[in-house]
Amino acid sequence: MSSHKNEVFTILEVLIALAILAFVLLAIATMQGRSIKGNSQAIGITEGITLAQDKAEELSRLAYDDALLTVTTDDGGDVTNQDADQNGIDDDDEGTVVDDILNFGLDKTGGGADNTENVGIYTIHWNVAVNQPLNNVKTIRVIVLWSDRGAAKRASVDCMKMDVI
C-alpha cells in the first residue's frame, strides 16, 4: 500500500510557490523597465554627442575666415562684462573669459552672434572665440541642448581652427 499523501501537494505549498514566483516576476519586470529607461537616456546622450562631434568636424573643415566661423563678439573681447581688469579671468570667479565667450548666446543676454541649428529635438549652438588660446587660433565650442523626460540635457565639444599663414 503506497502512501498517496506524500505525492500530492497541499494548497498551502502551491500558494507559497506562487507567491515566490510572483515576487521573482515582479523583480524582473522592474529591472526590465529600468533597463528600457536607461537605454532610452543612453540613446539620447549618444545622439547629442554625435551631433556635437559632427558639427565640430564640419566647422573645423571650413576656411578660417568662413562666415560660419564668425566671431561671437564684435571685438573678440569680453561681451559678458566680467573682466573689468582685462586679465582673462572672470571677476565673478566662474572660470575664464574664454568660457564666457564660448558659452555666450545660450542665455540670450548681451550682444554678439549665436549660431544655431535645430535637428529634431536637439538644438545645436556653436560659438567662436578668436585668438584663443593663441594668436591666429579660433576656439569653437559646439553645444547641443535637448530635453529628456522633462530634464534639460547638454553635450559640448570644443575644437580649434588655426589660420595657416
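Two strands count as paired if DSSP finds at least two bridges between them. Keep that in mind for the sheet. Five bridges join β1 to β2, and the two run antiparallel. One of the facing pairs is Thr-116 with His-125 of β2.

One caution before going on. This is a predicted model. The chain averages a pLDDT of 76, and 68% of the residues score at least 70. Among the elements, α1 has the highest mean pLDDT, at 93. Helix α2, residues 97-103, has the lowest, at 56. Residues 86-90 fall below 50. That stretch still has 13 contacts in the model beyond near neighbours in sequence. Residues 107-113 also stay under 50. There the model has 12 contacts beyond four places in sequence.

Now the whole sheet. Four strands make an open sheet, in the order β1-β2-β3-β4, with antiparallel pairing. β1 and β4 are at the edges. Each has a single partner strand, so one side of each has no neighbour in the sheet. From one strand to the next, the twist averages 20°.

What packs on this sheet? Helix α1 does, and it touches β1, β2, β3 and β4. The direction of α1 makes about 155° with that of β3.

Let's take the helix itself. α1 covers residues 11-60, which is 50 residues. How far apart are its end C-alpha atoms? They are 73 Å apart. At 1.5 Å a residue the expected span is 74 Å, so the two agree.

Which residues of α1 are buried? They are Gly-44, Gly-48, Leu-51, Ala-52, Lys-55, Ala-56 and Leu-59. Here is the helix rule to set beside that list. An α-helix has 3.6 residues a turn, so residues three or four places apart point the same way. And the cover? It includes β1 (115-119), β2 (122-130), β3 (137-148) and β4 (151-162).

Asp-54 is also in α1. Is Asp-54 buried or partly exposed? Partly exposed, because its relative accessible area is 43%, and the buried class ends at 20%. Asp-54 and Val-157 are 103 residues apart along the chain. Their C-alpha atoms are separated by 9.7 Å.

Back to the strands, at the β3 and β4 side. These two pair in the antiparallel sense over 12 bridges. One bridge puts Asp-148 with Ala-151 of β4. β3 and β4 form a hairpin, with two residues between them. Arg-149 sits in that turn. Its phi is near 55°, positive in a residue other than glycine. Arg-149 is exposed, with a relative accessible area of 53%.

Asn-136 is another residue to look at. It lies in the loop between β2 and β3. Phi of Asn-136 is near 65°, again a positive value in a residue other than glycine. Why point these out? Most residues other than glycine have a negative phi. Asn-136 is partly exposed, at 31% relative accessible area.

Next, aromatics. How many aromatic pairs does the structure hold? One. Tyr-122 and Trp-146 form it, and the pair is tilted. The centres are 5.3 Å apart, with 55° between the planes. Tyr-122 is in strand β2 and Trp-146 in strand β3, so the pair ties together parts that are 24 residues apart in sequence. Are the two partners buried or exposed? Tyr-122 counts as buried, at 9% relative accessibility. Trp-146 counts as buried too, at 7%.

Last stop, Thr-123, in strand β2. Thr-123 is partly exposed, with a relative accessible area of 22%. Thr-123 and Trp-146 are 23 residues apart in sequence. In space they are 6.5 Å apart, C-alpha to C-alpha. Which residues does Thr-123 contact, leaving aside neighbours within four places in sequence? Thr-116, Glu-117 and Asn-118 are among them. So are Ile-143, Val-144 and Leu-145.

To recap. α1 packs on the sheet and touches β1, β2, β3 and β4. β3 and β4 form a hairpin with Arg-149 in the turn. Tyr-122 and Trp-146 form a tilted aromatic pair. And residues 86-90 and 107-113 have pLDDT values below 50.

Conventions. Residues numbered from 1 in each chain as written. Predicted model: local features only at pLDDT ≥ 70, side-chain atom pairs only at ≥ 80, totals over all residues. Heavy atoms only, no water. Expected span 1.5 Å × (residues − 1). Buried < 20%, exposed > 50% of the residue type's maximum accessible area, 1.4 Å probe, protein only. Contact = heavy atoms within 4.5 Å. Axes fitted to C-alpha atoms, helices over the stretch in contact; angles between N-to-C directions. pLDDT = per-residue confidence, 0-100. Phe/Tyr/Trp six-rings, centres within 6.5 Å; stacked < 30°, edge-to-face > 60°.
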